[in-house]
Amino acid sequence: MIDLYRCGGRRAAFALDPELAHGLTLKAIRTGLLPGARHAGDTSLQATVAGLSFKNPLGVAAGLDKNGEALDGLLKLGFGHAEAGTVTPRPQPGNPKPRLFRLVKDEAVINRMGFNNDGHDALAARLERRNGSTGPGVIGVNIGANKTSEDRIADYVAGITRFSGLADYLTVNISSPNTPGLRDLQARAELARLLGRVAEAREKAARKVPVFLKIAPDLTEEGLDDIVAEVLNSTLDGVIVSNTTLSRAGLREEKLAGEAGGLSGAPLFERSTALLARMRQRLGPDLALIGVGGVNSGARAVEKIRAGADLVQIYSGMTYEGPQLIDDSLTAIIAAMREAGVSAPRALRDSGVAEWAAKPFTG
């Protein structure tokens with residue numbers, strides 16, 4: 001039944017405005033009536049990452065469910081984890097519409113949403129209502145800063161404080177290209193200051209949960225080295241690689257390629273995976289890495305793991321492949337494990353790090 005999306009559902013969705021189609025998709029997921037992936041609960045896929053137990057290594061990236069409205073429905077589809085957000089302390093409408101564009105020839109998406117969300121209070125209320133009443137699955141909250149904030153680091157501190165008791169893990173998102181100046185927090189001095197304040201807030205929180213840093217793919221080698229140095233000097237539990245890119249290299253949808261915003265989808269795969277492998281080489285084997293960017297097939301999900309990812313997240317790939325991408329990815333991971341003669345996804349990890357790290361991630 002899930003294949004109905006590929007047999008006509010995508011055509012119907014693509015006849016609608018992208019943001020309207022996204023909203024309707026979220027409503028359908030929220031019902032919890034869509035069939036789940038066959039292999040979601042396969043015990044061979046279980047993984048422990050950053051001290052958390054995941055039923056499988058596949059998750060949904062932040063952005064699909066900004067306000068935490070369909071988390072249970074996403075988990076029922078077969079995801080091992082779902083990440084709400086990005087959420088900011090105060091509600092904000094985001095950037096003017098249109099702000100979401102499909103590049104069909106490239107199987108890509110450009111967005112300049114601008115952290116549109118209902119704010120901390122609304123998401124916290126939803127998480128409080130669902131706490132203790134759901135089945136297996138890990139919930140993350142991706143936190144950001146308001147566009148008009150006079151102290152963006154304080155916004156992240158507020159997010160750590162507010163959601164430490166409500167989420168299983170938190171993600172510090174400083175890599176969106178759609179909030180002016182946000183990526184400046186990736187510069188070494190600012191990043192050191194941010195991570196220091198985040199660590200203090202986590203220590204003071206009622207419940208200490210893992211914290212990840214989400215980085216941009218648009219880095220130089222020097223910029224990557226600076227981030228690695230500060231991550232290793234911090235109490236972070238891991239890094240999410242990566243957010244959307246500003247690059248437009250090689251796109252076929254030339255007219256839409258000129259739209260401002262971050263590019264996600266298939267064209268991001270090579271860049272983000274090469275960056276992931278470099279990050280694994282620099283960070284070593286112990287810190288957790290989540291690979292995201294361009295996963296539109298089971299084979300690509302496997303490559304993220306081979307390039308160093310403990311977990312894999314998808315989002316834009318579902319725009320083109322539908323929920324079947326979940327089962328395709330899990331099936332491919334199981335097949336790769338069998339072929340390699342290993343019994344857990346962790347044993348596949350890093351087998352392609354050298355290969356992927358040799359590829360370019362800039363340009």
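## Long-range contacts, cores and a small sheet

In this predicted model, residues 24 or more positions apart account for 74% of the contacts in the protein with a separation of 6 or more. The chain forms 13 helices and 13 strands, and of its 363 residues 58% count as buried. A compact globule with 363 residues would have a radius of gyration near 21 Å, and the value for the protein, 19 Å, agrees with that expectation. The overall values are collected in the table below.

| Property of the protein | Value |
|---|---|
| Radius of gyration | 19 Å |
| Box filled by the C-alpha atoms, along the principal axes | roughly 50 × 45 × 45 Å |
| Accessible surface | about 14400 Å² |

Carbon and sulfur atoms hold 52% of that accessible surface.

Turning to the interior, the largest nonpolar core has 85 residues, and those with the most contacts inside it are Phe 163, Val 172, Leu 213 and Met 279. Helix α12, which spans residues 324-340, supplies the largest share of this core, with 8 residues. Apart from this core lies another, of 13 residues, which includes Leu 52, Phe 54, Ala 61 and Ile 240.

Which residues does Val 172 touch when its neighbours within four places in sequence are left aside? Val 172 is then in contact with Ile 143, Tyr 156 and Ile 160, with Leu 194 and Val 198, and with the run Val 211, Phe 212, Leu 213 and Lys 214. Leu 213, one of these partners, is itself listed with Val 172 among the residues that have the most contacts inside the largest core.

Among the strands, 3 form an open sheet in the order β5-β6-β11, with antiparallel pairing. Strands β5 (100-103) and β11 (262-265) stand at the edges, and because each has a single partner strand, one side of each is left without a neighbour in the sheet. Neighbouring strands of this sheet are turned against each other by 25° on average, direction ignored. Strand β6, residues 108-111, is joined to β11 by 4 bridges, the two running antiparallel, and Asn 111 stands opposite Gly 262 in β11.

Is Arg 129, a residue of helix α4 (residues 120-130), buried or exposed? Its relative accessible area is 61%, which is over the 50% cut-off, and Arg 129 is therefore exposed. The C-alpha atoms of Arg 129 and Ala 28 are separated by 20 Å, with the two residues 101 apart along the chain.

Note on methods: Residues numbered from 1 in each chain as written. Predicted model: local features only at pLDDT ≥ 70, side-chain atom pairs only at ≥ 80, totals over all residues. Heavy atoms only, no water. Core = buried A, V, L, I, M, F, W, Y, C linked by side-chain atoms within 4.5 Å. Buried < 20%, exposed > 50% of the residue type's maximum accessible area, 1.4 Å probe, protein only. Contact = heavy atoms within 4.5 Å. Pairing = 2+ DSSP bridges. Axes fitted to C-alpha atoms, helices over the stretch in contact; angles between N-to-C directions. Rg over C-alpha atoms; globule rule 2.2 N^0.38 Å. Areas by Shrake-Rupley, 256 points an atom, 1.4 Å probe, with all protein chains shown as cover.
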